[in-house]
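Subject: Structure for you to look at

Hello,

Here is the structure I said I would pass on. Please open it before reading the rest of this message.

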Amino acid sequence: MFGYSMVQLVRTHAHKLDKPLRERVLNQYKPFKWTPCFLHKMFEGFIKRTKRFSVIIEFEEGCYEEGYDQVRQIFSNHFGCKVRHEFTSVSCCSAQMTPTALEKVLTTSSQVRKIYLNREVHALLDTAVTASNAREVVRNGTNLTGEGVTVAVIDTGVYPHADLSGRIVDFVDFINQRSEPYDDNGHGTHCAGDALGDGSASEGKYRGPAPKANLVGIKVLNKLGSGSLETVMQGVEYCIHYNESNPENKIDVINLSLGSPALRYENENEDPMVRIVNQAWDSGIVVCVAAGNSGPEFETIASPGVSQQVITVGALDDRDTVEREDDDVASFSSRGPTVYGERKPDILAPGVNIVSLRSPKSFIDKLQKGNRVGLNYITLSGTSMATPICAGIVALMLEHDPTLTPNQVKERLKEGTDLWNNLEEPEVYIYGAGYINAENSIR
């Protein structure tokens with residue numbers, strides 16, 4: 001039988017290979033349908049030696065160093081195989097490996113718990129701040145602006161827009177390894193403005209909730225808005241390590257306006273992207289994640305938004321008005337429950353026709369010229385836009401009370417919502433706790 005060895009490999013070790021990787025391995029045999037039988041064995045040997053898979057390798061708890069060293073030793077004997085990046089906080093590493101090396105790792109390394117395909121991750125595509133009651137929040141005589149709080153936007157990068165001047169405190173690029181801030185897609189820049197643009201180029205008209213918060217730009221998605229499980233994990237782990245190295249100037253909030261279709265593992269913590277955002281949350285960083293744009297169907301919450309720890313944000317259509325009587329969930333906003341049957345999203349924020357920062361000559365800027373607003377802004381819709389509005393409000397909460405834990409922030413946000421509190425199924429899977437309200441959540 002042609003392909004027997006790799007088919008047998010998948011059958012024997014199915015519990016250690018996630019479904020996308022199993023399918024990718026077996027799909028190598030599709031061309032064999034048109035290949036003479038006497039050539040199958042030769043072709044299979046060629047594929048096993050030369051085909052390369054990009055993967056995430058997870059090690060058993062407490063066995064990272066031993067397992068990592070064993071994998072590196074195996075790779076040293078297989079051409080084209082290499083470890084790419086270590087994720088020590090979640091006992092994982094990313095790697096490039098051939099089917100032959102995969103077979104060797106699975107049959108000889110007892111420290112390997114599971115191997116995942118390094119799947120693709122994508123970006124999830126003016127009255128919003130006022131409608132969220134976040135325009136003028138005053139506490140103890142102070143107008144809250146996010147000053148002293150740092151928000152990391154893990155996305156397509158960030159263009160040094162006038163509305164962000166002097167507040168981009170760090171930038172890292174896991175796609176092209178450039179050192180200066182830039183955004184060749186435009187999505188990340190828009191998200192940054194949604195959270196903390198100060199409206200300098202519009203006389204304050206297009207201002208985010210936290211106009212004095214600091215920004216860390218982390219590029220994990222390319223010009224087309226695509227990245228991988230590996231690059232997103234690198235971005236989140238960078239924030240964890242950043243805080244370990246900068247205890248006096250920590251990243252307080254992570255914004256993730258990205259995701260991929262959630263896969264149905266045994267439980268949500270089997271998903272490497274969920275594990276890394278949960279690790280950031282446990283380290284003290286508030287993580288805001290887009291629910292996804294696959295509504296109105298139910299059970300469409302994207303990963304890592306399926307995490308029960310992070311704040312998963314759906315999109316509200318505020319009809320471009322401050323009044324709330326006509327507001328409703330955006331048709332595209334993903335609905336719960338998660339693929340694990342849990343309640344999501346957690347909250348809704350404005351996500352339709354949001355005016356924010358334009359990155360000139362970027363992919364989105366060229367693709368959607370008709371959406372430009374003057375020379376400095378552009379209109380976009382999506383849970384991608386709703387999420388940083390939530391992140392900006394979180395920055396106000398942390399400015400007012402820096403002692404709040406991520407769990408306390410999430411609890412106060414949900415308790416402070418308007419319109420749809422105490423909903424029952426299935427409405428709770430559409431609206432979450434309700435419409436975000438900064439005034440009610442900051443106390």
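Below is what was found in it, starting with the sheet and ending with the aromatic side chains.

Please keep in mind that this is a predicted model.

The sheet

The sheet is open and made of four strands, in the order S2-S3-S1-S4, with antiparallel pairing. Its edge strands are S2 and S4 (112-117), each of which pairs on one side only. On average, and with direction ignored, neighbouring strands in this sheet are turned by 25° against each other.

Strand S1 (residues 53-59) and S4 run antiparallel and are joined by five bridges. To find this pairing in the viewer, look for Ile57, which stands opposite Ile115 in S4. Helix H2 (residues 19-26) packs on the sheet, where H2 touches S1 and S4. The direction of H2 makes about 65° with that of S4.

The loop at Ser91

Between strand S2 (82-87) and strand S3 (92-97) there is a loop, and Ser91 lies in it. Is Ser91 buried or exposed? The relative accessible area of Ser91 is 12%, and the cut-off for buried is under 20%, so Ser91 counts as buried. Apart from neighbours within four places in sequence, Ser91 is in contact with Ile57, Glu58, Phe59, Glu60 and Tyr64. Ile57 is the residue named above as standing opposite Ile115. Phe59 and Tyr64 come up again below, as they belong to a cluster of rings.

The aromatic rings

How many aromatic pairs does a search of the whole structure find? The search gives seven. One of the pairs is Tyr238 with Tyr242, which is tilted, at 6.1 Å centre to centre and 45° between the planes. Both residues are in helix H8 (residues 229-245), and because they are four residues apart there, about one helical turn separates them. Tyr238 is partly exposed, at 24% relative accessibility, whereas Tyr242 is buried, at 14%.

Elsewhere, ring pairs link Phe59, Tyr64 and Tyr68 into a cluster. Two members of this cluster, Phe59 and Tyr64, are among the contacts of Ser91.

One further ring has a charge over it: the charged end of Arg178 sits over the ring of Tyr182, 3.6 Å from the ring centre.

If you want a place to begin, select Ser91 and then its contacts, including Ile57 and Phe59.

Regards

Note on methods:
Residues numbered from 1 in each chain as written. Predicted model: local features only at pLDDT ≥ 70, side-chain atom pairs only at ≥ 80, totals over all residues. Heavy atoms only, no water. Helix = DSSP H or I, 4+ residues; strand = E, 2+ residues; numbered from the N terminus. Buried < 20%, exposed > 50% of the residue type's maximum accessible area, 1.4 Å probe, protein only. Contact = heavy atoms within 4.5 Å. Phe/Tyr/Trp six-rings, centres within 6.5 Å; stacked < 30°, edge-to-face > 60°. Lys NZ or Arg CZ within 6 Å of the ring centre and 35° of its normal. Pairing = 2+ DSSP bridges. Axes fitted to C-alpha atoms, helices over the stretch in contact; angles between N-to-C directions.
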